[in-house]
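Student: I have a structure open and do not know how to read it. Could we go through a few features one by one?

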Amino acid sequence: MNCDFRIGNGYDVHRLAPGLKLTLGGVEIPHTKGCVAHSDGDVMIHALCDALLGALALGDIGRHFPDTSDEFKGIDSKILLRRTCDMVQQKGWHLVNADITLLLQAPKIAPYVPQMRACLASVMGVAEDAVSVKATTTERLGFTGREEGVEAYASVLVCRD
Ligand code: MG
């Protein structure tokens with residue numbers, strides 16, 4: 001049995017502002033506020049990319065997709081995720097599973113979770129049951145609780161091919 005595994009974790013945060021699109025886990029969610037970002041501000045995907053890069057000690061998302069580059073201005077984060085998975089594959093590894101926790105006060109995320117899992121699994125080329133998405137409020141505490149921002153944590157396990 002091949003037991004060459006690595007784990008990675010990632011974290012991201014974006015500020016929320018009125019009138020912007022809210023895209024989380026690759027899914028556009030109707031809301032009065034959206035993420036302020038150089039890209040589409042998808043915190044869940046950004047945390048996931050950092051977890052994948054971290055598993056293989058490849059640096060962080062800012063190193064590979066700098067927010068100073070016009071190439072990434074307004075970019076769909078699904079493209080960044082696909083490119084990150086390509087890097088993992090080129091190194092001879094594949095994703096076993098990913099577990100993402102989203103922290104935001106509003107709106108309720110539960111109705112969108114199945115769509116997020118399907119979307120992320122499809123972009124990464126894994127089964128839906130290998131992608132977990134969880135969401136929690138912060139009980140109105142901190143910047144997330146005041147609806148000033150949104151945060152995400154991601155953990156991944158990767159296995160050598
Ligand atoms: Mg980000």
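**Salt bridges, a metal site and a core**

Tutor: We start with salt bridges, and the count here comes to eight. Keep in mind that this is a predicted model.

Student: What does the rule for a salt bridge look for?

Tutor: The rule asks for a side-chain nitrogen of Lys or Arg within 4 Å of a carboxyl oxygen of Asp or Glu. Take Glu71 and Arg83: their closest N and O atoms are 3.1 Å apart, so the pair counts as a salt bridge.

Student: Which parts does the pair of Glu71 and Arg83 tie together?

Tutor: Glu71 sits in the loop between helix H2 (61-64) and helix H3 (77-90), while Arg83 belongs to helix H3, so the pair links parts that are 12 residues apart in sequence. Glu71 is partly exposed, at 49% relative accessibility, and Arg83 is partly exposed too, at 34%.

Student: Where do Asp86 and Arg82 lie?

Tutor: Both are in helix H3, four residues apart, which is about one turn of the helix. Asp86 and Arg82 form a salt bridge with closest N and O atoms 2.7 Å apart. Asp86 has a relative accessible area of 28% and is partly exposed; Arg82, at 26%, is also partly exposed.

Student: Next, the metal. Which residues coordinate the magnesium ion?

Tutor: For a metal site, look at which atoms act as donors and where they fall along the chain. Here the magnesium ion is coordinated by Asp12 through OD, His14 through NE2 and His46 through ND1, at 2.1 to 2.2 Å. Along the chain these donors follow the spacing D-x1-H-x31-H.

Student: Are Asp12 and His14 buried or exposed?

Tutor: The cut-off for buried is under 20% relative accessible area. Asp12 has 17%, so Asp12 is buried. His14 is at 13%, so His14 counts as buried as well.

Student: Last, the core. What is the general idea?

Tutor: In soluble globular proteins, nonpolar side chains tend to be buried together. In this model the largest nonpolar core has 48 residues, and Leu24 and Leu81 have the most contacts inside it. Elements that each supply at least two residues of this core include helix H1 (43-55), strand S5 (93-103) and helix H4 (113-124). H1 gives the most, with 10 residues.

Student: Which residues does Leu24 touch?

Tutor: Leaving out residues up to four places away in sequence, Leu24 touches Ile29, Asp42, Val43, Met44, Leu102, Leu104, Ile109, Met116 and Val150.

Key:
Residues are numbered from 1 along each chain as its sequence is written. This is a predicted model: local features need pLDDT of at least 70, side-chain atom pairs count only at pLDDT 80 or more; totals for chains, interfaces and linings use all residues. Side-chain values use heavy atoms; hydrogens and water are left out. Buried means under 20% relative accessible area, exposed over 50%, partly exposed in between (1.4 Å probe, protein chains only). Donors are N, O and S atoms within 2.8 Å of the metal (3.2 Å for Na, K and Ca); water is not among the atoms, so sites may look incomplete. A nonpolar core is a set of buried Ala, Val, Leu, Ile, Met, Phe, Trp, Tyr and Cys residues joined through side-chain atoms within 4.5 Å. Contact means heavy atoms within 4.5 Å.
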